Amino acid sequence: MDKIQQNLLEQVAGIHEVPEGAYSLRINGQLHGKNSSENIEIVRKEDKPGIDIYIKEGTKNESVHIPVILSQSGLKELVYNDFHIGEGCDITIVAGCGIHNGGSENSEHSGIHSFFVGKNARCKYIEKHYGEGDGNGKNVMNPTTVVELAEGAYLEMETAQIKGVDSTNRVTNAKLDKNATLIVREKIMTHGDQYAETTFDVELNGENSGTHVISRSVACDRSKQKFISRVKGNAKCSGHTECDAIIMDEAQVSAIPEILAQNPDASLIHEAAIGKIAGEQLIKLMTLGLSEKEAEEEIVNGFLR
Amino acid sequence: MLEFKNVSYSVGEKQILKNINLEISDRFVAVTGPNGSGKSTVAKLISGIITPTEGRIFFNGEDITEMSITDRAKAGISFAFQQPVRFKGITVKDLISLASGKNISVSESCAFLSEVGLCAKDYINREVNASLSGGELKRIEIAMINARGTVMSVFDEPEAGIDLWSFNNLIKVFEKMYERTQGTIMIISHQERILNIADKIIVLADGEVVEYGDKDAVFPKLMDVRTGCRFTKTTLV
């Protein structure tokens with residue numbers, strides 16, 4: 001690994017070298033290394049790029065790291081990663097993609113992640129997307145996440161795209177069985193002429209299933225964002241979707257929440273708010289001695305924390 | 001220390017403050033008067049949130065009339081809002097650190113919270129968002145001013161919303177603040193017990209200073225409704 005790759009790894013996974021325990025590290029379109037552990041087996045797919053991750057039932061307090069690094073300009077890849085999480089597990093999965101594009105061609109990573117979460121299993125999924133580079137080539141990331149939660153399963157997704165991704169189209173499709181819960185916390189910040197679109201489709205099929213889909217975003221400069229969330233209640237269930245956006249400069253944000261109740265006991269809520277930073281927040285921080293720009297940074301950093 | 005020279009402030013045709021002249025250098029100065037008399041406007045003029053339409057403001061001899069909010073804060077002016085501001089994602093510790101101007105330790109920030117009657121452990125990592133009550137926010141606002149420790153601190157109705165916490169504690173906070181800063185603490189208030197600790201009292205009515213003097217001289221006039229002071233009837237009855 002060179003310095004650029006190490007930095008990307010630090011940005012997306014908070015680590016400097018290959019992680020401990022179960023991991024799969026993909027660099028410039030190739031599997032750089034992988035390691036299975038006693039309870040977590042990582043198998044390379046034969047028919048297409050990607051891996052299958054099998055987590056034995058009852059595995060507790062273990063984690064899997066699957067970062068992807070692209071530092072070669074112009075590389076385009078599509079990767080399939082399938083997570084098979086056994087019954088009663090309690091695990092953390094850390095994914096992320098970092099692109100350094102120093103050339104003039106577009107670099108593109110599209111990951112299709114599928115989660116099959118077994119009965120009463122708990123899983124925390126953390127995903128960070130980061131781009132950098134001094135060339136004219138664009139950094140493009142199009143992640144798709146497919147989620148199937150069995151009875152009593154719980155998945156918490158934390159996704160963040162804060163810097164350097166020129167174009168993104170994120171798609172998340174989830175189906176929930178009885179007593180299953182899906183929590184999504186998404187953070188997006190766009191600059192320059194970047195574009196980010198994110199779509200959630202959540203089907204609450206089982207009795208007492210529930211979801212919270214929460215998106216916080218900041219759009220600066222001339223960037224554009226679109227947030228679409230559709231939550232369907234097909235049983236006695238509870239669903240909540242929230243989009244909260246700060247808009248600055250000449251940016252544009254659109255939020256399109258849709259809730260569809262197909263059962264009289266479905267309880268669904270949507271909230272969407274878009275606005276600039278409140279003047280009183282800036283003034284308060286300025287009375288503490290911060291400049292207007294410093295105050296703005298504090299407010300944005302806090303909002304996206 | 002702080003001086004208003006012929007300061008007026010208008011919004012459109014409406015004159016909010018009319019030719020105010022004040023010299024403020026005492027330890028505790030209370031500002032009182034009926035709603036709409038211009039008290040909060042005085043606080044905003046001091047902190048630089050608004051600038052006078054006429055007249056000049058001096059701080060330690062320097063003309064600060066055109067100075068920005070940030071520069072006034074750096075020069076040593078603090079302002080506790082009447083209605084504290086909420087922030088999504090920013091914690092109590094963040095605000096106290098920002099106020100103190102450095103990344104202070106957890107135990108230091110806890111000390112500031114304990115002083116205003118908040119159990120530090122329960123609050124230090126809380127977000128300053130809608131989950132906090134108005135009274136909690138007021139106390140955090142005071143803790144921030146305490147953390148700044150500047151020579152001039154202005155409080156806009158600090159007691160409002162603080163129900164269960166006795167005024168004695170609030171007064172103790174101000175006294176300790178003075179011991180540390182040796183500066184001026186200006187408190188906008190309607191509360192008799194706060195006015196009672198003041199060295200000087202300024203009474204505003206209809207955008208004008210109608211009384212300014214030692215507490216012992218001004219306070220009895222405010223309290224004695226029988227003298228028929230026109231401003232006491234509306235504020236302190």
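Where is Asn28(A) found in its chain? Asn28(A) sits in the loop between strand 1 (22-27) and strand 2 (30-35) of chain A. Before going further, keep in mind that this is a predicted model. The predictor gives the complex an ipTM of 0.92 and a pTM of 0.86.

**Two asparagines in loops**

Most residues other than glycine have a negative phi. Asn28(A) goes the other way, with a positive phi of about 45 degrees. Chain B has a residue to set beside it: Asn60(B), which isn't a glycine either, has a positive phi near 50 degrees. You'll find Asn60(B) in the loop between strand 4 (54-59) and strand 5 (62-63) of chain B. Here are their surroundings, counted as C-beta neighbours.

| Residue | C-beta neighbours within 10 Å | Status |
|---|---|---|
| Asn28(A) | 14 | partly exposed |
| Asn60(B) | 13 | partly exposed |

**A look inside chain A**

Now try Ile53(A), in strand 4 (residues 50-55) of chain A. Is Ile53(A) buried or exposed? Ile53(A) has 24 C-beta neighbours inside 10 Å, so it counts as buried. Leaving out residues up to four places away in sequence, Ile53(A) touches several others, including Ile40(A), Ile42(A), Val64(A) and Phe83(A). Cys220(A) is another story: Ile53(A) and Cys220(A) are 167 residues apart in sequence and 38 Å apart in space, going from C-alpha to C-alpha.

Chain A also has a pair of packed helices. Two such helices are described by the angle between their axes and the distance between the axes. For helix 2 (residues 279-286) and helix 3 (residues 292-303) of chain A, the angle is about 115 degrees and the axes are 9 Å apart. Helix 2 of chain A passes helix 3 of chain A in a right-handed crossing. On the helix 2 side of chain A, the contact is made by Gln281(A), Leu282(A), Leu285(A) and Met286(A), while helix 3 of chain A brings in Glu292(A), Ala295(A), Glu296(A), Glu298(A) and Ile299(A). Sort the residues of this contact by type and you get 5 nonpolar, 1 polar and 3 charged.

**The sheet in chain B**

Over in chain B there's an open sheet of 6 strands, in the order 6-7-8-3-9-10, with mixed pairing. Strand 6 and strand 10 (208-214) of chain B stand at the edges with a single partner strand each, so one side of each has no neighbour in the sheet. From one strand to the next, the twist averages 15 degrees.

Follow strand 6 of chain B to its partner. Strand 7 (residues 152-156) of chain B runs parallel to strand 6 of chain B, and 4 bridges join them. Ala80(B) stands opposite Phe155(B) of strand 7 of chain B. Helix 6 (residues 134-148) of chain B packs on the sheet and touches strand 6 and strand 7 of chain B; the direction of helix 6 makes about 170 degrees with that of strand 6 of chain B.

**Where the chains meet**

How many residues does each chain put into the contact? Chain B gives 19 residues and chain A gives 16 residues. Helix 2 (69-75), strand 6 (77-80) and helix 3 (92-100) of chain B each supply at least two residues of chain B's side. The largest share of that side, 4 residues, comes from helix 2 of chain B. By type, chain B's side divides into 10 nonpolar, 5 polar and 4 charged residues.

**How far to trust it**

Chain B averages a pLDDT of 90, and 92% of the residues score at least 70. Residues 233-237 of chain B are a weak spot, with pLDDT staying under 50. Where pLDDT is low, the predicted coordinates should not be read in detail.

Terms used:
Residues numbered from 1 in each chain as written. Chains lettered and ligands numbered in written order. Predicted model: local features only at pLDDT ≥ 70, side-chain atom pairs only at ≥ 80, totals over all residues. Contact = placed C-beta atoms within 7 Å. Nonpolar A, V, L, I, M, F, W, Y, C, P; charged D, E, K, R; others polar. Axes fitted to C-alpha atoms, helices over the stretch in contact; angles between N-to-C directions. Left-handed = near helix turned anticlockwise from the far one by under 90°. Pairing = 2+ DSSP bridges. pLDDT = per-residue confidence, 0-100. Buried ≥ 20, exposed ≤ 12 C-beta atoms within 10 Å, placed from the backbone.
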